[in-house]
Amino acid sequence: MNEPARAVPLRTRIKFCGFTRPGDVRLACELGVDAVGVIFAARSGRRVDPALAPALRAALAPMVALVALFMDNPEAEVRAAIAQLQPTLLQFHGSEDDAFCRRFGLPYFKGLGLGGTAVDGATLRARWPHAAGFVLDGHAPGQPGGSGQRLDAAAIPADLDWPWLLAGGLDPDNVGDAVRAVRPWGVDVAGGIELAPGIKDGARMRRFVEAVRAADCDGQTMPRIG
Ligand SMILES: O=C(O)c1ccccc1N[C@@H]1O[C@H](COP(=O)(O)O)[C@@H](O)[C@H]1O
């Protein structure tokens with residue numbers, strides 16, 4: 001008899017965010033991450049000038065997603081950044097509504113600070129019905145991400161039946177336990193793999209990926225086919 005489908009993902013997706021150097025992008029791709037993020041939010045120490053974006057894109061390996069991150073940027077800025085970076089996905093981390101997020105014709109993730117709040121998955125899906133996924137961060141609503149604040153597992157909407165990334169204060173030493181505890185669809189990290197804002201640390205990137213893959217192997221059973 002077939003075993004029921006598991007809600008637990010067999011492989012946790014990994015997004016590394018806040019790249020400013022092509023060499024760091026190249027190494028992240030070699031380490032096997034699913035996505036690399038470039039930040040255009042004004043309130044970020046990792047903000048990239050759109051003129052530097054083509055060099056980051058050129059460093060990307062085939063089959064790795066490229067994410068452009070915004071936080072309440074004017075539409076013209078979003079369009080200019082998209083033209084330079086040519087991302088595969090957008091991430092909006094401010095007060096953007098669904099109509100704004102979808103007007104660029106690319107799939108988007110909505111980033112949300114859930115610190116000190118309770119929200120259910122049905123509400124998120126109703127507010128951003130075209131979101132390809134959500135990034136759930138530990139900082140307070142309205143604040144920029146990349147703050148290093150952990151997300152309380154109790155704040156994760158139990159009914160969210162859509163791709164979502166766990167974010168906020170993850171690093172190579174805590175990500176394995178975080179994955180085992182909440183089994184997110186994916187994880188998203190900026191500060192925990194850096195030497196300084198926007199300057200990635202190769203050893204930390206490698207240890208982060210290894211910790212996620214080790215957690216993926218724990219307690220997982222492959223679904224039986226046929
Ligand atoms: O990283 C930033 O500077 C940033 C600024 C504004 C909005 C979002 C931002 N980053 C996002 O937050 C997560 C978690 O960051 P951290 O690991 O806690 O440092 C990061 O991956 C981005 O998606």
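**Helix 7, its neighbours and the ligand shell**

Reader: Where is the place of Arg183?
Author: Heads up: this is a predicted model, where local features need pLDDT of at least 70, side-chain atom pairs count only at pLDDT 80 or more, and totals for chains, interfaces and linings use all residues. Residues are numbered from 1 along each chain as its sequence is written. Helices (H or I, at least four residues) and strands (E, at least two) are DSSP runs numbered from the N terminus. On that count, Arg183 goes in the loop between helix 6 and strand 8.

Reader: What is phi of Arg183 near, and is the residue buried or partly exposed?
Author: Phi is positive here in a residue other than glycine, near 45°. For burial, count other C-beta atoms (placed from the backbone) within 10 Å: 20 or more is buried, 12 or fewer exposed, anything in between partly exposed. Arg183 has 17 C-beta neighbours inside 10 Å, so it counts as partly exposed.

Reader: Which loop holds Gln86, with its positive phi?
Author: Gln86 isn't a glycine, yet its phi is about 50°. It has 14 C-beta neighbours inside 10 Å and therefore counts as partly exposed. Its place is the loop between helix 3 (75-85) and strand 4 (89-92).

Reader: How far does helix 7 reach from its first C-alpha to its last?
Author: Helix 7 runs over residues 202-217, which is 16 residues. The expected span is 1.5 Å times one less than the number of residues, and that gives 22 Å. The model comes out close to that, at 23 Å.

Reader: Which residues of helix 7 are buried, and what arc do they cover?
Author: The buried ones are Met205, Phe208, Ala211, Val212 and Ala215. Take the directions from the helix axis to their C-beta atoms: these residues sit on the same side of helix 7, because the arc they cover is only 130°.

Reader: What do those buried residues pack against?
Author: Think of contact as two C-beta atoms, placed from the backbone, within 7 Å. The opposite face, turned away from the buried side, carries the exposed residues Ala203 and Cys217. The buried residues pack against strand 1 (13-17), helix 1 (22-30), helix 6 (175-182), strand 8 (186-189) and strand 10 (199-200).

Reader: Which residues is Ala211 in contact with, leaving aside its neighbours within four places in sequence?
Author: Ala211 lies in helix 7 and counts as buried because 21 other C-beta atoms are within 10 Å. Asp173 is 38 residues away in sequence, but its C-alpha is 7.7 Å from that of Ala211. The contacts are Pro172, Val175 and Gly176.

Reader: Helix 1 shows up in that packing; what do its own buried residues pack against?
Author: Asp24, Val25 and Ala28 are buried in helix 1. They fall within an arc of 100° seen down the axis, so they line one face of the helix. Their packing partners are strand 1, strand 2, helix 2 (53-58), strand 10 and helix 7.

Reader: How do the residues of the shell around the ligand divide?
Author: A residue is near the ligand if its C-beta atom, placed from the backbone, lies within 6 Å of it; 28 residues surround the ligand, the closest being Cys17, Ser44, Gly145, Gly146 and Gly191. Strand 2 (35-39), strand 6 (133-137) and strand 8 each supply at least two. Ala, Val, Leu, Ile, Met, Phe, Trp, Tyr, Cys and Pro count as nonpolar, Asp, Glu, Lys and Arg as charged, and the others, Gly among them, as polar. The split is eleven nonpolar, 14 polar and three charged.
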